[in-house]
Amino acid sequence: MQFLSYLINGLGLGSVYAIIALGYTMVYGIAKMLNFAHGDIIMIGAYIAFFALTKFALPFPLAVLAAIAVCTMLGVLIERLAYKPLRQAPSLAVLITAIGVSYFLQNGAQILWSSSSKVFPSVISTGSISLGSASVSYLTLLTIATCIVVMICLTLFINRTKTGSAMRACSEDKGASMLMGINVNMIISITFAIGSGLAAIASVLLASTYPSVYPTMGSMPGIKAFTAAVFGGIGSIPGAFIGGLLLGIIEIFAKAYISTQLSDAIVFGVLIVILLIKPTGLLGKKINVKV
Amino acid sequence: MKEKSSVFSRFGDKKNRGRLMSFALVIIAYIAVEVLLKTGSLGSMFSSLLVPITCYVVAAIGLNLNVGISGELNLGQAGFMSVGAFCGICVSGILAGSITAGIPRLIIAIICGAVLAAVFGFLIGIPVLKLQGDYLAIVTLAFGQIIKSIFMNAYIGIDTEGLHFSFVESNFKLQPGGKMLLNGPMGATGTQKIANFTIGTVLVIVALLVVYNLMFSRSGRAIMAARDNRIAAESVGIPISRTKMLAFVTSAALAGAAGALYGLNYSTLVPNKFDFNTSILILVYVVLGGLGNMTGTIISTVVLILLPELLRSLQDYRMLIYAVVLILIMLVTNNEWLMTKWKSLFSGKAKGGA
């Protein structure tokens with residue numbers, strides 16, 4: 001049955017979007033900023049994994065760890081240098097700075113590693129298993145499994161640990177959390193670290209699925225994941241998860257049943273319709289402004 | 001009190017001074033460029049950038065109306081430029097037989113581009129203006145993406161039987177002798193280049209006139225009131241959606257006019273030209289120039305378009321430096337300590353002078 005294999009492929013793509021969207025939504029929830037450089041962290045992660053696998057011939061898990069380590073450090077570094085001085089600045093100024101960081105990363109990558117695309121080695125076995133009449137590649141299953149594991153770990157971290165509750169407190173009210181003795185700057189750094197680490201995981205999955213690595217590879221998945229985060233209600237972690245999965249499924253179905261070229265138009269069209277019905281996304285909180 | 005409204009005292013008025021300054025800036029820049037062109041001391045690279053600069057200035061002025069005056073973040077300005085550009089190209093292509101003179105055809109194309117973009121702005125405005133903040137921004141982003149992928153798949157042509165339109169390339173056939181206006185991902189090819197710098201400058205002045213007249217009118221004050229405090233504005237009877245729609249549609253129309261001029265400045269134009277990055281670029285011009293400040297927008301647009309060209313000798317590093325400059329400007333202009341130092345420097349000087 002075609003439908004089932006489309007659905008599973010959609011879930012696979014959606015899982016990648018969901019992992020990226022989690023980074024967006026966490027940063028938004030706590031730092032209240034749209035981190036447009038998030039997509040480019042994915043690109044850096046993919047390059048690191050690529051070089052770890054080819055130049056240094058590291059085994060796959062070590063390559064993933066290397067990508068996570070570099071991206072995490074990069075995320076924290078960017079936050080410290082570019083975003084921290086702008087804590088009190090208007091949100092548009094932070095947005096433009098994030099765009100500047102995005103340009104910087106893209107052009108830096110272009111200078112360091114040239115703009116021609118590199119072929120990501122296929123390390124995950126290319127075999128597939130059949131579910132009924134649909135065949136599903138191991139890679140897709142691994143992607144979905146990774147997403148579920150990430151989601152469970154993150155939910156436990158946010159709900160059960162001390163740092164997690166500090167994060168929730170910061171997203172509610174920064175001033176009050178500061179008075180309660182929470183180191184808000186530290187929490188924001190941790191958020192960026194987690195978001196960037198997740199971006200590294202997503203980058204490896206993305207580069208394995210679409211095996212080419214180039215300086216602007218992060219921008220389209222970045223925009224899609226951002227859309228997914230808004231779709232689910234930005235700032236909400238389960239929302240990013242559901243939004244990502246739905247976006248992936250809609251995209252694959254639109255490609256399969258309607259038109260390959262118009263799939264982007266359909267994805268964004270559905271987004272507009274959803275926002276019309278639920279103006280703060282699927283799981284977003286409605287904020288009532290008091291006069 | 002009558003004296004206050006006399007022409008001379010209005011020159012001293014701060015807002016009028018700002019207004020006059022931006023017109024003076026445009027006219028002086030125009031004369032300077034024309035003189036340089038006549039004496040031939042302007043390089044071919046700079047003269048080829050003249051029309052695009054005026055286009056981006058108009059689009060940025062429009063966006064500043066939306067972001068600065070109306071206070072709504074719009075990430076899809078390039079989408080409206082795209083609508084205007086391809087509408088303008090099609091209109092110019094259709095009229096090529098009946099109106100041979102370039103200038104009237106260009107003006108008609110610009111007007112058509114502006115009108116169509118305004119219609120799109122109205123249609124998009126209905127869902128967009130129901131939302132607030134970042135949700136509004138994402139819908140404009142989505143709109144830009146949708147427009148791009150529609151133009152990537154649109155085939156429009158004209159032949160003896162009239163106008164043809166299709167979304168599927170294989171369904172699209174023209175009679176022999178027919179003319180292809182829009183060719184899917186290839187965009188518009190073989191466009192007659194009829195845009196020129198004078199019309200571009202006139203368009204900038206028209207855009208300034210439109211925006212200033214709107215800003216300092218009753219509706220403009222309503223738009224700013226709705227931006228500053230939505231609830232308070234609503235409570236004094238300002239129709240929020242209508243005022244916001246006015247700003248949104250005007251902004252879209254200006255972008256459409258800019259797009260039409262841009263499209264008719266090149267013989268080929270691909271739909272990918274007006275992607276998310278272009279929208280962001282225009283937003284950068286607006287934010288760096290200062291929200292609500294049209295003179296600032298003009299200056300920052302010109303500087304930021306010329307900057308990569310001036311840095312061309314640095315080759316690969318130029319965009320990297322551009323990015324660093326962008327980040328540093330944002331950090332410096334938003335640094336409280338530096339800003340207070342800066343201000344005290346100036347007030348100190350003023351005191352010393354007195």
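Visitor: Which residues touch the most other members in the largest nonpolar core?
Guide: A:Ala49, B:Val58, B:Ala59 and B:Leu261, out of 198 residues in that core. A nonpolar core here is a set of buried Ala, Val, Leu, Ile, Met, Phe, Trp, Tyr and Cys residues joined through C-beta atoms within 7 Å. Buried takes 20 or more other C-beta atoms within 10 Å of the residue's own; exposed is 12 or fewer, partly exposed is in between, and C-beta atoms are placed from the backbone.

Visitor: What should I know about the model and the numbering?
Guide: The model is predicted: local features need pLDDT of at least 70, side-chain atom pairs count only at pLDDT 80 or more, and totals for chains, interfaces and linings use all residues. Residues are numbered from 1 along each chain as its sequence is written, while chains are lettered from A and ligands numbered from 1 in the order in which they are written.

Visitor: Back to the core. Which helix gives the most to it?
Guide: Helix 1 of chain A, with 15 residues. Helices (H or I, at least four residues) and strands (E, at least two) are DSSP runs, numbered from the N terminus.

Visitor: How many residues of that helix are buried?
Guide: 24 of the 30 in helix 1 of chain A, so this helix is mostly covered.

Visitor: And what are its expected and actual spans?
Guide: Helix 1 of chain A covers residues 2-31 and should span 44 Å at 1.5 Å a residue. The expected span is 1.5 Å times one less than the number of residues. The end C-alpha atoms of helix 1 are 43 Å apart, which agrees.

Visitor: What follows that helix?
Guide: A:Lys32, with a positive phi near 55 degrees. Most residues other than glycine have a negative phi.

Visitor: Where do A:Ala57 and A:Ser114 sit?
Guide: A:Ala57 is in the loop between helix 2 (38-54) and helix 3 (60-83) of chain A. Its phi is positive, near 50 degrees. A:Ser114 is in the loop between helix 4 (91-113) and strand 1 (118-119) of chain A. The phi of A:Ser114 is positive too, near 65 degrees.

Visitor: Buried or exposed, those two?
Guide: A:Ala57 counts as exposed, with 8 C-beta neighbours inside 10 Å. A:Ser114 is exposed as well, with 12 other C-beta atoms within 10 Å.

Visitor: What about helix 10 of chain A, enclosed or not enclosed?
Guide: Largely enclosed by the rest of the structure, because 16 of its 22 residues are buried. Helix 10 runs over residues 237-258; the expected span is 32 Å, and its end C-alpha atoms are 31 Å apart, which agrees.

Visitor: Switching to the contact. How many residues does each chain put in?
Guide: Chain A gives 36 residues and chain B gives 33. Two residues are in contact if their C-beta atoms, placed from the backbone, lie within 7 Å.

Visitor: Which helix supplies the largest share on the chain B side?
Guide: Helix 6 of chain B, with 10 residues. Helix 6 (133-152), helix 11 (276-289) and helix 13 (318-333) of chain B each supply at least two.

Visitor: What is that side made of, by class?
Guide: The chain B side has 24 nonpolar, five polar and four charged residues. Ala, Val, Leu, Ile, Met, Phe, Trp, Tyr, Cys and Pro count as nonpolar, Asp, Glu, Lys and Arg as charged, and the others, Gly among them, as polar.

Visitor: What does B:Leu261 contact, leaving aside neighbours within four places in sequence?
Guide: B:Val51, B:Thr54, B:Cys55, B:Ile110, B:Ala195, B:Ile199, B:Gly200 and B:Leu203.

Visitor: And B:Cys87, where is that?
Guide: In helix 4 (residues 77-95) of chain B. B:Cys87 is buried, with 24 C-beta neighbours inside 10 Å. Beyond four places in sequence, B:Cys87 contacts B:Cys112, B:Gly113, B:Leu116 and B:Ala260.

Visitor: Which strands does strand 1 of chain B join?
Guide: Strand 1 (residues 155-159) runs antiparallel to strand 2 (residues 162-166) of chain B, with five bridges. Strand 1 also runs antiparallel to strand 3 (residues 179-183) of chain B, with four bridges. Strands pair if DSSP finds at least two bridges between them. A hairpin of two residues joins strand 1 to strand 2 of chain B.

Visitor: What stands opposite B:Tyr155 in strand 3?
Guide: B:Asn183. In strand 2 of chain B, the bridge partner of B:Tyr155 is B:Ser166.
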